[in-house]
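Here are a few short exercises, each with a worked solution. Keep the structure open while you go through them.

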Amino acid sequence: MPETTDQPAAPASGANIRLENLTKTYPGSPAPAVEDVSMEIKAGETVIFVGPSGCGKSTTLKMINRLIEPTSGRIRIGDEDVTDIDPVKLRRKVGYAIQASGLFPHMTVAQNIALVPKMIGWPKSRTRSRVEEMLDLVGLDPGEFHDRYPRQLSGGQQQRVGVARALAADPPVLLMDEPFGAVDPITRDHLQDELIRLQHELHKTICFVTHDFDEAIKLGDRIAVLRERSHIAQFDTPEAILTNPADDFVSGFVGAGAALKRLNLTRVRDVGVVDFPTAGIDDPLESIFDRLRAGAQNELLLLDRNRRPYKWLRRSDLARAKETLARAGTLVTDTVTRDATLRDALEAVLTDNAGRVAVTGRRGEYIGVVDMETLMNNVHELLEADRLEAVEHQHELQEQRAHLTQREQEGLDEGGGSRA
Amino acid sequence: MSFWEYVSTRHAQLLTDTYQHASAVFQCMVIATLLGVFLGVVTYRSEWAGSLATTTTATVLTIPSLALIGLLIPIVGLGVAPTVIALTLYGLLPVVRNAIVGLRGVDPALVDAAKGIGMSRAARLFRVELPLAWPPILTGIRVATQMLMGIAAIAAFASGPGLGNEIFRGIASLGSANSLNQVLAGTVGIAVLALLFDAAYVLIGRLTISRGIRA
């Protein structure tokens, strides 16, 4: 077998996928289930198909590995037209993970993961070490889980094994059909984080079907919002879809609170934190008092010996602080890190009675402060920037389309398009 | 002569009969299983073919065994042939029916997953569908075996092998000294065989049903 190699090769990163005018009409039904879908998915990209139930998003996904044969249209993966090759061969090169894991209950975890490597003829020793490697990759201890049966695993663990099985033969493309649909919200959140981490390491091309728009925002490099018959309502980055939905259908699907959801995409480190007057807990009282009276703000942040935020100190607190600061001020209850999303920051700001929250570094040391005003300004700027970018992007797309049409027409005029 | 005296004086003959009875049932069950699973695999995916297979095998079962053997004698003669044919036909129904039910009961999502990871049709059948359908198929085989134990006794009517000979001899000489012992020995022998076979099936189930799907 030509694919058989003894040396473990470098992990295959993604291949691009091109869908050209894919249509699926089921016999006996007048309207196609999927109509004329064309889409280009770049190598290493995570693309989410999202849409209401029955919009054909799953059908579209299953046409990529030809579990459902398209009625017309072409599918290209990498440089290869896979529309007419042996489907069994095609599927061994395309990872496939489904809802509720799809693990075979009569096989152990290791047997499930080893299925595809065995089928494509990997030697036993390589398969065995690959199984261990995959279990490790999805965060399951090989020693503990190797010989378990799927029913001895929790839903989240089963799903991890499902992903491990899909990735076992190192396919460049991974198709995921609502993989996290059947697990509880906490586990789902966890699995999503895991997938982001995995993708960071592996750079596969991932097509992911979901009906949960929040999941789409979290995972997707780009999101394809699909309406009935898998018509693409909008295919763009999460930011662009949130700030500039193409039409009423998309904005309806994005749902209320697009601006709020947008906050999930930006982190505190991306917006400016403002400086705030601070004082060390060991500073002489006099100097603290002076600073408070002199400063423009009527408040300062007291830091402990490790420069961690300790207390908010107001001018009015000074009256109570005679000799010592022990009783004055309000303890800092909540801080955010620079990696927190703006949504977390907003949450903290809203709960704080003075409307600001201290931002801390890795060891909890003070970096700056985020308050309502900075948040507001930043969010406005972000949304404005998104809007501009989206408009520009749409412009580009239109130009590209016009260009393509022109070229096609020229090609036709020359009879057969012998020119490349 | 008491029953125990009868058994001890005739144990050589009884053992031969018992062995032949067991061997006939076992061999016919092997044929019925292969044929039944094959019929199930061929028909389970089509609604009408599946019902046709089930109905046909069910119809065979409604023919009284004595009548079926009687009908077979003019065609295939006396002895082993009518016995094997009759037993195999009777053994088919439970196997076919359970094979179809079992194969149809495999979660479509799993078949989809098997296809999706690139298993060929044959690999799907042998590595996923049949192993998952195996517990109900084995139950079918077990039920069929129990049934054949009794039906095999009738085979003696066509001069077939087995413990039926004891029973028929006893019935034919009703009133003579040993007639009751003969009938009793045949019947008890069949009952003991049936229990032994059942125990064997429990063991086979333990060995062949994956721990992952065992109830």
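**Exercise 1.** Find the domains of chain A and say how far apart their C-alpha centres lie.

*Solution.* Start with the assignment, whose bounds are automatic or come from a database: domain 1 spans 17–261 and domain 2 spans 269–375 in chain A. Next, take the C-alpha centres of domain 1 and domain 2 of chain A: they lie 46 Å apart.

A word on conventions: this is a predicted model, where local features need pLDDT of at least 70 and side-chain atom pairs count only at pLDDT 80 or more, while totals for chains, interfaces and linings use all residues. Residues are numbered from 1 along each chain as its sequence is written, with chains lettered from A and ligands numbered from 1 in the order in which they are written.

**Exercise 2.** Compare the radius of gyration of chain A with that of a compact globule of 420 residues.

*Solution.* The radius is taken over C-alpha atoms, and the globule rule is 2.2 Å times the number of residues to the power 0.38. That rule puts the globule near 22 Å, but chain A has 27 Å. Now add the box along the principal axes: the C-alpha atoms of chain A fill roughly 85 × 60 × 40 Å.

**Exercise 3.** Describe the side of chain A that touches chain B.

*Solution.* Count contacts first (C-beta atoms, placed from the backbone, within 7 Å): 20 residues of chain A meet 16 of chain B. Of the chain A residues on that side, 13 are nonpolar, 3 polar and 4 charged, with Ala, Val, Leu, Ile, Met, Phe, Trp, Tyr, Cys and Pro as nonpolar, Asp, Glu, Lys and Arg as charged, and the others, Gly among them, as polar. Finally, check confidence: the predictor gives the complex an ipTM of 0.82 and a pTM of 0.71.

Conventions. Helices (H or I, at least four residues) and strands (E, at least two) are DSSP runs, numbered from the N terminus.
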